[in-house]
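Here is a walk through a protein model, written for someone who is new to reading structures. Keep the 3D view open and follow along.

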Amino acid sequence: MTTMVKYEIEKIRKNKTFIGAMVVSLFVLAGILLVGFYYSQLQGINGEGMERYHQVVKESTGEFSDQKVREILANYMDRYQSTDEHNRTFDLFSWEIAETFFQKDKSVFDKMNNAMEQNEKITIDQIKLKTIEEIGFTQFQKPLKIGGYVTWTDFFKVTGHLFILTSILVILVCSLVFSSDTSRNMNQLLLSTKFGRNKLTISKIIAATLISIFVFLFIQVISLGAFYMYNSGFSGWDTSIQTNFSLKLFSFPVEMNHVQVFFLALALHFISLLAIVGVTIYVSSIANSPFSALAISLGLFLLPKAFVQLFKRGIVYKLLNLFPINNYQIEDFLTFMSSKQEYILSFFIQNMVSTMIILLIIKVVLDGTVYLRMKRYQVS
């Protein structure tokens with residue numbers, strides 16, 4: 001069996017379509033990482049935005065409280081009014097916190113600009129801030145932690161985009177598994193061999209799954225390395241997800257930090273990918289050509305995104321949110337799975353676990369269906 005699996009892996013690896021897809025994917029991967037990290041808002045001109053970001057984060061990290069927010073915004077206002085607008089580096093970290101806690105009815109920035117024209121300064125004591133309770137942050141036994149969140153938001157966005165890239169690449173690879181033999185009329189020969197109807201089928205399924213896992217892990221390792229360089233490490237990993245002001249998940253009901261959310265997303269993406277592999281292999285086993293298998297598989301992958309625009313509520317809408325294309329973005333699945341209106345069950349953990357179980361069942365059932373179908377295949 002091991003020899004047959006290795007043979008099938010080599011067969012896929014040497015396929016010109018696979019080679020071409022990998023080359024194109026590397027260029028797309030580089031583009032996603034460049035846009036997501038090195039051309040992000042933080043970089044600014046000559047990269048001074050990143051230097052300012054780490055400086056501000058170092059000063060601001062700590063327990064999340066009204067007093068901490070007041071200190072952060074006091075420092076922000078002081079920096080804002082101490083620098084000429086033409087030389088001012090945009091402070092996204094503090095600006096998003098200000099957008100959350102400043103009162104909406106009066107523009108604090110207009111007040112500061114007017115004061116600067118008069119060679120004066122507006123202090124934090126002259127500003128009325130919203131409180132943590134008023135905004136609706138979830139409270140736990142231990143205080144939430146605030147820290148570097150902007151770079152992790154960029155990382156989460158990149159992770160979502162890379163899942164789409166990985167899924168499309170895997171669909172392309174797995175669509176070749178059975179349909180390429182069918183298109184060349186090889187089934188009569190292959191299925192008539194000693195192991196053609198059992199071990200050969202199993203080896204094809206295993207080989208396609210292993211290559212898909214390798215592609216997934218390879219892209220994730222590259223992404224982590226790029227993020228490490230972009231963020232100068234993994235600082236901000238222990239910041240509470242509720243204090244990520246870019247995502248605005250203030251009322252998220254589970255106490256989690258950035259690294260926990262990332263690993264949870266990684267697990268969901270991995271199991272989602274296994275389900276995608278199962279669906280694509282099944283389609284490949286019934287298609288007459290690799291092109292038709294690819295077209296059908298891509299359609300099945302993408303169509304739930306269109307259907308969710310038609311069904312805004314109800315059981316159909318909730319079932320559509322189970323599909324990977326509708327929950328691949330980290331912000332989306334955290335929002336959907338913590339809401340009974342968006343998902344089937346009432347609690348986040350229940351929805352997370354049930355989704356993973358359903359996706360694994362899809363993989364197992366479809367692999368079993370492919371095996372039985374090929375075993376009973378009638379060669380004409």
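Let's start with one ring. Phe234 has a relative accessible area of 35%, so Phe234 counts as partly exposed. Keep in mind that you are looking at a predicted model. What about the ring that Phe234 pairs with? Phe227 is buried, with a relative accessible area of 0%.

**Aromatic rings**

How many aromatic pairs does a search of the whole structure find? The search turns up 34 of them. Phe227 and Phe234 make a good example: their ring centres are 6.1 Å apart and their planes sit at 40 degrees, so this pair is called tilted. In general, you describe a pair of aromatic rings by the distance of the centres and the angle of the planes.

Now look at Phe252 and Phe348, which form an edge-to-face pair, with 5.0 Å from centre to centre and 80 degrees between the planes. This pair links distant parts of the chain, 96 residues apart. Phe252 is in the loop between helix H11 (199–231) and helix H12 (258–286), while Phe348 belongs to helix H17 (residues 348–375). Are these two rings buried or exposed? Phe252 has 3% relative accessibility, so Phe252 counts as buried. Phe348 comes in at 2%, so Phe348 counts as buried too.

Phe227 and Phe234 also turn up in one aromatic cluster, whose members include Phe37, Tyr38, Trp152, Phe155 and Phe156. Tyr228, Tyr230, Phe262 and Phe263 are in that cluster as well.

**Salt bridges**

Next come the charged side chains. A search of the whole structure finds nine salt bridges. Here are three of the pairs, with their N to O distances:

| Pair | Distance (N to O) |
|---|---|
| Arg79 and Glu59 | 3.7 Å |
| Arg79 and Asp91 | 2.8 Å |
| Asp125 and Arg70 | 2.9 Å |

Where do the partners in the Asp125 and Arg70 pair sit? Asp125 is in the loop between helix H6 (108–117) and helix H7 (132–135), and Arg70 is in helix H4, so the salt bridge ties together parts that are 55 residues apart in sequence. Asp125 has 61% relative accessibility, so Asp125 counts as exposed. Arg70 has 29%, so Arg70 is partly exposed.

Arg79 appears in two rows of the table, with Glu59 as one partner and Asp91 as another. For the Asp91 pair, Arg79 lies in helix H4 and Asp91 in the loop between H4 and helix H5 (92–101), so parts twelve residues apart in sequence are tied together. Asp91 has a relative accessible area of 5%, so Asp91 is buried. Arg79 is buried as well, at 18%; the cut-off for buried is under 20%.

Back to the other partner: Arg79 and Glu59 meet in a salt bridge at 3.7 Å. That pair links distant parts of the chain, with Arg79 in helix H4 (residues 66–82) and Glu59 in helix H3 (residues 48–60), 20 residues apart. Glu59 has 43% relative accessibility, so Glu59 counts as partly exposed.

Elsewhere, Glu10, Arg13 and Lys14 are linked in a network of salt bridges.

**Helix H13 and a nonpolar patch**

Let's follow one helix along its length. H13 has 21 residues and reaches 31 Å from its first C-alpha to its last, close to the 30 Å expected at 1.5 Å a residue. Where does H13 kink? The kink, about 35 degrees, lies at Leu302, shortly before the proline Pro304. The buried residues of H13 are Ala293, Ser297, Phe301, Pro304 and Val308.

Leu303 lies in H13 too, and with 43% relative accessibility Leu303 counts as partly exposed. Leu303 helps make a nonpolar surface patch of about 780 Å², together with Phe307, Leu310, Phe311, Ile315, Val316, Leu319, Ile344 and Leu345. Helix H13 (290–310) and helix H14 (315–320) are the elements that give two or more residues to this patch.

**The whole chain**

Finally, zoom out. The protein chain has 17 helices and two strands. Its C-alpha trace spans about 90 × 45 × 35 Å along the principal axes. Of the 380 residues in the chain, 47% are buried.

Methods
Residues are numbered from 1 along each chain as its sequence is written. This is a predicted model: local features need pLDDT of at least 70, side-chain atom pairs count only at pLDDT 80 or more; totals for chains, interfaces and linings use all residues. Side-chain values use heavy atoms; hydrogens and water are left out. Patches are made of residues with over 30% relative accessible area and no salt bridge: like charges are joined within 9 Å, nonpolar side chains (Val, Leu, Ile, Met, Phe, Trp, Tyr) within 5 Å. Accessible areas come from the Shrake-Rupley method with a 1.4 Å probe; for residues, only the protein chains shown count as cover. A salt bridge is a side-chain nitrogen of Lys or Arg within 4 Å of a carboxyl oxygen of Asp or Glu. Helices (H or I, at least four residues) and strands (E, at least two) are DSSP runs, numbered from the N terminus. Buried means under 20% relative accessible area, exposed over 50%, partly exposed in between (1.4 Å probe, protein chains only). The expected span of a helix is 1.5 Å times one less than its number of residues. The bend at a residue is the angle between axes fitted to the seven residues ending there and the seven starting there. Rings of Phe, Tyr and Trp (its six-membered ring) pair if their centres lie within 6.5 Å; planes under 30 degrees apart count as stacked, over 60 as edge-to-face and the rest as tilted.
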